[in-house]
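User: I am a first-year student, and I would like a close look at one part of this structure, namely its aromatic rings. Could you take me through them slowly and then place them in the rest of the chain?

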Amino acid sequence: MPDALPLFDLNPAHDRAALAQEFARTRRLQVRDLLTARSAEVLADVVQRQTPYGLAYREPGAAPKSLRADASRRLPQAEQARIWQAAGQGVGRGDYGFVYGQYPMLDAYLGKWAPGHPLEFVLEYINAPEFLDFVRAITGMPSLIKADAQATLFAPNHFLAMHDDRGTGEEGRQIAYVLSLTRDWRPDWGGYLLFYDDEDEVIAGMKPRFNSLNLFQVPQRHNVSYVPPFAPLGRYAITGWFRDR
């Protein structure tokens, strides 16, 4: 691992006991200043400037799809518009759908897409004992044994509809996480992680705050609010699930 790149140095100032008490109240939590300042800057540069984003999307009645960056770039503009329209119309009818930029870190790691890419080391850090122990201590779940990861980019017109992270073949998902890596995000740009009760009232929201880690226990109904066309930035993050199997 490159010593010159402090990719995932945890901030030593966190009070794990206090964070655990807060998480226990609602089973969700935002940990601010997760990494050291230098590490957060280095990691933000990786996800914003060194990562080739493809496209993740789900159209009505279809399985989720993921295109690698080169395939995404080759999509005709008309096909890109069709995908967005189809996914959006499905959500408008109450179906589940999404469109956002994606670099699936676990797939890339196992498939050797880019050997030596910094995100390979980040995936290893996320699964290393130090960070797993940190998350176990906060969540009170010693059964967590591993995590997957994807780098995500919510650019203008991207969205993730309401869901609760349960699905066929995903029984091992216990804790969802979002590590936000965009500075100075504004509320008018959407991109918030929102939680809902059974009557569709918003009961909590988490700003995509730079160098913050959002954790929440599965299942909880949530979405990522629509990023409007006038948003001048992309919402960059590393996301995934901690699993017990």
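Analyst:
**The aromatic pairs and their surroundings**

The structure, which is a predicted model, holds twelve aromatic pairs. In one of these pairs, the ring centres of Y103 and W113 lie 5.9 Å apart and the planes meet at 85 degrees, so the pair is edge-to-face. The angle decides this description, because planes over 60 degrees apart count as edge-to-face. Y103 belongs to strand β4, which covers residues 98-104, while W113 sits in the loop between α5 (105-111) and α6 (118-126), so the pair ties together parts that are ten residues apart in sequence. As for how much of each residue can be reached from outside, Y103 has 5% relative accessibility and counts as buried, whereas W113, with a relative accessible area of 28%, is partly exposed.

A second pair to look at is formed by F195 and F216, whose ring centres are 5.0 Å apart and whose planes stand at 80 degrees, so this pair is edge-to-face. F195 lies in strand β9 (residues 193-196) and F216 in strand β11 (residues 212-217), so the contact between the rings ties together parts that are 21 residues apart in sequence. F195 has 0% relative accessibility and counts as buried, and F216, with a relative accessible area of 2%, is buried as well. The reasoning rests on one cut-off, because a residue counts as buried when its relative accessible area is under 20%.

Aromatic residues can also gather in a group, and here F8, Y125, F131, F134, Y177 and F242 form one aromatic cluster. When you look for this cluster in the sequence, it may help to recall that α6, which covers 118-126, follows the loop that holds W113, and that β8 covers 173-180.

With the rings in place, we can turn to the chain that carries them. The protein chain has seven helices and 13 strands, and its C-alpha trace spans about 50 × 45 × 35 Å along the principal axes. For 245 residues, a compact globule would have a radius of gyration near 18 Å, and the protein chain has 17 Å, which agrees. Buried residues make up 52% of the 245 residues, and Y103, F195 and F216 are among the residues that count as buried. Of the contacts between residues at least 6 apart in sequence, 80% join residues at least 24 apart. The accessible surface of the protein chain comes to about 11,800 Å², and carbon and sulfur atoms account for 50% of that surface. The charges can be summarised in a similar way, for the mean positions of the 27 positive and 29 negative charges are 2 Å apart.

A single residue shows what such contacts look like. T152 is found in strand β6, residues 150-154, and at 2% relative accessibility T152 counts as buried. Setting aside residues up to four places away in sequence, T152 touches Y53, Y100, G101, R235, Y236, A237 and T239.

P6 offers another example, this time from the segment before α1 (16-26). P6 counts as buried at 17% relative accessibility, and, leaving aside its neighbours within four places in sequence, P6 is in contact with R38, S39 and V42. By contrast, P6 and D70 are 64 residues apart in sequence and 29 Å apart in space, C-alpha to C-alpha.

Finally, a few places in the backbone deserve a careful look. Most residues other than glycine have a negative phi, and most peptide bonds are trans. Against that background, V218 and P219 are joined by a cis peptide bond, with omega about 0 degrees, and P219 is found in the loop between β11 and β12 (222-224). Strand β11 is also the strand in which F216 lies. D184 has a phi near 55 degrees, a positive value in a residue other than glycine, and its place is in the loop between β8 (173-180) and β9. N211 has a positive phi of about 60 degrees although it is not a glycine, and N211 lies in the loop between β10 (202-206) and β11. In their surroundings these two residues contrast, since D184 counts as exposed at 63% relative accessibility, while N211 counts as buried at 3%.

Key: Residues numbered from 1 in each chain as written. Predicted model: local features only at pLDDT ≥ 70, side-chain atom pairs only at ≥ 80, totals over all residues. Heavy atoms only, no water. Helix = DSSP H or I, 4+ residues; strand = E, 2+ residues; numbered from the N terminus. Rg over C-alpha atoms; globule rule 2.2 N^0.38 Å. Buried < 20%, exposed > 50% of the residue type's maximum accessible area, 1.4 Å probe, protein only. Contact = heavy atoms within 4.5 Å. Areas by Shrake-Rupley, 256 points an atom, 1.4 Å probe, with all protein chains shown as cover. Lys, Arg positive; Asp, Glu negative; His and termini not counted. Charge placed at Lys NZ, Arg CZ, Asp CG, Glu CD. Phe/Tyr/Trp six-rings, centres within 6.5 Å; stacked < 30°, edge-to-face > 60°.
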